[in-house]
Amino acid sequence: MMKVLVTDKIAESAISLLRKEVSVDYAELSRDELLDKIGEYHGLIVRSRTRVDADVINRAVNLRVIGRAGIGVDNIDVDAATKKGIYVVNAPRSSTYSVAELTMGLMIALARGITKADVSMKAGLWEKKRLVGVELYEKTLGIVGFGRIGREVAKRAKSFGMRVIAYDPYAPNDLFSELGVERKELDNLLAEADFVTIHAILTPETRGLINREKIEIMRDGAYLINCARGGIVDEGALYDALKSGKLAGAALDVYEVEPPTNSPLLGLDNIILTPHIGASTKEAQERAGVTVARDVLRVLKGETPEFLVNKEVVG
């Protein structure tokens with residue numbers, strides 16, 4: 001019987017689906033443990049915690065498929081997998097709504113100072129006069145990355161009466177026009193937006209995309225939200241912009257180093273920080289686990305997976 005190793009927690013329904021057809025081991029392994037055991041398995045399923053680098057892949061003498069229960073595959077060496085003929089599959093639609101909703105929640109919390117109000121109330125204070133926020137109505141939202149999540153954010157922002165502009169060099173024009181979103185170059189978007197939200201994937205091209213130079217282009221008093229990937233925003237430059245008042249506020253769900261234990265951002269009161277919970281809803285985890293389990297089984301049965309990341313591996 002084929003063997004599948006699951007090293008990060010996924011939905012029980014996904015485990016049950018797998019166990020109908022293959023042998024499944026679930027264990028949150030250290031890197032050394034993974035290197036030691038991976039040779040036994042035909043399939044591997046991970047979330048964001050487990051790093052599947054070239055060393056792991058080279059030890060995986062029986063591995064046929066790596067499943068990422070989520071969207072981003074930056075913790076998997078896809079090139080190394082492709083060279084060894086190993087399929088990489090993911091669940092690109094699993095957390096779309098969850099991340100879009102978190103983005104809107106963070107935007108509202110920034111605009112209205114909700115987290116500050118909560119902290120002050122619990123401290124026994126009544127700071128009604130100090131806690132004056134801004135409306136989202138008629139503000140301009142700039143979306144960097146206009147994929148599935150970016151488009152869902154656009155729909156929700158439109159319902160708040162926001163003007164929505166977006167930057168994505170790869171998205172076709174009809175995606176913008178269908179939603180009534182203005183297409184902009186990055187610098188123009190940053191200069192016009194009251195709120196900027198990041199929804200790009202992390203690649204060599206996007207790493208450090210929002211750097212000190214780009215933040216300087218942003219409007220004074222603007223807000224920045226990143227629920228995409230740490231590394232896209234230069235956190236040192238962001239800290240300086242928040243400290244100086246160049247930016248009124250920011251919200252991060254992702255970080256250059258996770259957890260951001262020693263980050264100076266932790267000491268600021270004009271930033272909202274959440275522990276990479278964008279996909280942490282029951283619904284998103286159910287979708288992610290089941291989607292990946294189905295595709296892992298498809299590969300192990302010699303069938304074509306629905307969500308193949310490295311299409312070059314076919315043929």
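How far apart do the C-alpha centres of domain 1 and domain 2 lie? In this predicted model, the separation comes out at 32 Å. The domain assignment splits the protein so that domain 1 is built from two stretches, 3-92 and 282-314, while domain 2 takes up 95-273.

Next, the interface. Seven residues on the domain 1 side are in contact with eight from domain 2, and about 620 Å² is buried between the two. Carbon and sulfur atoms give 46% of that area. On the domain 1 side, a trio does much of the work: I71, D74 and P92 supply 56% of what domain 1 buries against domain 2, and no other three residues supply more.

As for polar links, the count between the domains is one salt bridge. The side chains of D74 and R229 meet in a salt bridge, with N to O at 2.9 Å. One residue pair is in polar contact across the interface, counting pairs with both residues at pLDDT 80 or more. The face of domain 1 that touches domain 2 is a mix of three nonpolar, one polar and three charged residues.

Then there is the sheet. Seven strands make up an open sheet, running in the order 8-7-6-9-10-11-12 with parallel pairing. Its edges are strand 8 (182-183) and strand 12 (271-273), each of which pairs on one side only. Strand 8 is joined to strand 7 (residues 163-167) in the parallel sense over two bridges. Within this pairing, I165 has E182 of strand 8 as its bridge partner.

Technical notes: Residues numbered from 1 in each chain as written. Predicted model: local features only at pLDDT ≥ 70, side-chain atom pairs only at ≥ 80, totals over all residues. Heavy atoms only, no water. Domains from an automatic or database assignment. Contact = heavy atoms within 4.5 Å. Buried area = accessible area lost by both parts, 1.4 Å probe. Salt bridge = Lys/Arg side-chain N within 4 Å of Asp/Glu carboxyl O. Polar contact = N/O pair within 3.5 Å; in protein donor to acceptor, adjacent residues only side chain to side chain. Nonpolar A, V, L, I, M, F, W, Y, C, P; charged D, E, K, R; others polar. Pairing = 2+ DSSP bridges. Helix = DSSP H or I, 4+ residues; strand = E, 2+ residues; numbered from the N terminus.
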